[in-house]
Amino acid sequence: MNRVETDIAVIGAGVVGLAIAAELSGRGRVVVLERHAKFGQETSSRNSEVIHAGIYYPPDSLKARLCIEGRERLYELCARAGIAHRRIGKLIVASSEDALPKLESIAANAAASGVHDLQFLDGPAVRALEPRVRAVAGLLSPSTGIIDAHALMRHFTTRLEIAYRTQVRRIEPLPQGARLIMEDELVLDARTVIVAAGLDGDRLLAGLVPPHVPVKGEYFALRRAPVSRLVYPVPPPHLDGLGIHVTLDLAGAARLGPNTVALSREDCDPPGALAVDPSHAPAFLAAAQSYLEGIEAEDLSPGYAGIRPKLSATEFADFSIRELSSAGLPGVIALAGIESPGLTAAPALARYVASLSVV
Ligand SMILES: Cc1cc2nc3c(=O)[nH]c(=O)nc-3n(C[C@H](O)[C@H](O)[C@H](O)COP(=O)(O)OP(=O)(O)OC[C@H]3O[C@@H](n4cnc5c(N)ncnc54)[C@H](O)[C@@H]3O)c2cc1C
């Protein structure tokens, strides 16, 4: 047995694990364990790269609080560290009178959460901003932005000790902290262990954290950008997504998505699990045409997909962040359900986890 000791071990080099490791790096030796050969190979590179404003989540939920704090911390960090980003803004549009009450309730929810910069626009004002958007009204969010998620993760890795190609197989309790068992009889004892393993965190801690309900999100690339800011429809009545929206990346390329495709745990594992199904194109087109003019079938091509580690496919479920003393694992902090806005919230999640850790 090859046994090593550290103060803090973080399992997972996605944006959340890296942000946490960077936050804790002044508190002793921190080792990040990542099964892939590079950081950010899973959900952290398969998302919309949107810095969310914190509009949709129930006020006082962790998602609302950490999104708003994380957004501000991200803008500060990006400015300080030269990480590519743009405060591009976002429009949420009502394409019929029926959607107006929902638009008003979104504005009220945002205000109750502490997002006070939304601007209500009538149809002509929406049109003046985005000539190809068909809407009777809209909400403009000036504090929504986009970010280079890879550059953010690279920033967090600076000065971190990361063991790549290292898969944690088991977590066993110690009087304080835990023993992590890897392949080839490699063992790491740590006084604090943070499980930021994304979709697979519930497999490592089966029975101790709520199980994930995987929901895939596919994107279709658009041939030309039809808008100059992010444009979202009023979300559908069921709570499984924000509706097919248009996002832009920092190079100005536009995509539609993500949709919501429920998966079983077994469906997540095969190599083709992240493929985009071309037969979904007509549904994307119809959704986009409900609020965008001049989009045709030939403008769409399959893009990429990511899998949301949800805790419920039908109802709101908050981020789950727990210290596991009561489950017999003192010093182990487990994160589950870190779906959107996990990228935005990452710096605030890191501070929150640091406030729970004992080292
Ligand atoms: C379609 C989609 C769109 C999204 N859009 C946005 C958005 O626009 N804005 C936003 O704020 N958020 C968005 N999100 C959410 C955001 O992407 C995630 O919340 C965030 O990336 C989660 O990061 P993570 O580090 O927890 O997980 P991951 O990036 O999945 O990282 C987990 C890491 O743990 C490693 N790991 C797992 N098990 C082990 C093990 N046993 N041993 C060693 N390593 C292990 C994995 O290899 C992986 O590298 C979106 C998500 C999806 C799916």
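This tour goes from the ligand to two hairpins, a small set of paired strands and two single residues.

The model is predicted, so local features are taken at pLDDT of at least 70 and side-chain atom pairs only at pLDDT 80 or more, while totals for chains, interfaces and linings use all residues. Residues are numbered from 1 along each chain as its sequence is written, and side-chain values use heavy atoms, with hydrogens and water left out.

**Stop 1: the ligand**

Select the ligand and the residues near it (a heavy atom within 4 Å). The selection should hold 39 residues, with Glu34, Ser44, Val50, Ile338 and Thr344 the closest. Colour the shell by residue type: 15 are nonpolar, 16 polar and 8 charged. Here nonpolar covers Ala, Val, Leu, Ile, Met, Phe, Trp, Tyr, Cys and Pro, charged covers Asp, Glu, Lys and Arg, and polar covers the others, Gly among them.

Next, show helix H1 (15–24), strand E18 (300–310) and helix H8 (342–356); each supplies at least two residues of the shell. Helices (H or I, at least four residues) and strands (E, at least two) are DSSP runs, numbered from the N terminus. Then colour by domain, with bounds from an automatic or database domain assignment. Domain 1 (2–45 + 151–211 + 317–356) and domain 2 (90–142 + 213–310) each give at least three residues to the shell.

Now look at the oxygen atoms of the ligand. A side-chain N or O atom of arginine 35 is 3.1 Å from one ligand oxygen atom. On the backbone, an N or O atom of valine 16 lies 3.1 Å from a ligand oxygen atom, and for glycine 342 the corresponding distance is 3.4 Å. The protein covers 98% of the 1000 Å² of accessible area that the ligand has on its own (Shrake-Rupley method, 1.4 Å probe).

**Stop 2: strands E10, E11 and E12**

Select residues 170–173 (E10) and 178–181 (E11), which run antiparallel and are joined by 4 bridges. Two strands count as paired if DSSP finds at least two bridges between them. Isoleucine 171 stands opposite leucine 180 in E11. The hairpin has 4 residues between the strands, and glycine 177 takes a positive phi near 100°.

Extend the selection to E12 (residues 186–195), antiparallel to E11 and joined to E11 by 4 bridges. Isoleucine 181 has valine 187 in E12 as its bridge partner. This hairpin also has 4 residues between its strands, and in its turn aspartate 184 has a positive phi of about 55°.

**Stop 3: the sheet E3-E8-E4**

Show the 3 strands of this open antiparallel sheet, in the order E3-E8-E4. E3 (50–51) and E4 (85–86) are the edges; each has a single partner strand, so one side of each is left without a neighbour in the sheet. E3 pairs with E8 (residues 145–147) over 2 bridges, and glycine 145 is the bridge partner of isoleucine 51.

**Stop 4: threonine 247 and proline 282**

Select threonine 247 in strand E15 (residues 245–248). Is threonine 247 buried or exposed? Threonine 247 is buried (under 20% relative accessible area), because its relative accessibility is 0%. Its side chain makes a polar contact of 2.9 Å with the side chain of arginine 255. Such a contact is a pair of N or O atoms within 3.5 Å; within protein, one must be able to donate a hydrogen and the other to accept it, and residues adjacent in sequence count only if both atoms are side-chain atoms.

Finish at proline 282 in helix H7 (residues 281–289). Proline 282 is exposed, at 54% relative accessible area, the cut-off being over 50%. Its C-alpha atom is 12 Å from that of asparagine 259, 23 residues apart along the chain.

Technical notes. Buried < 20%, exposed > 50% of the residue type's maximum accessible area, 1.4 Å probe, protein only.
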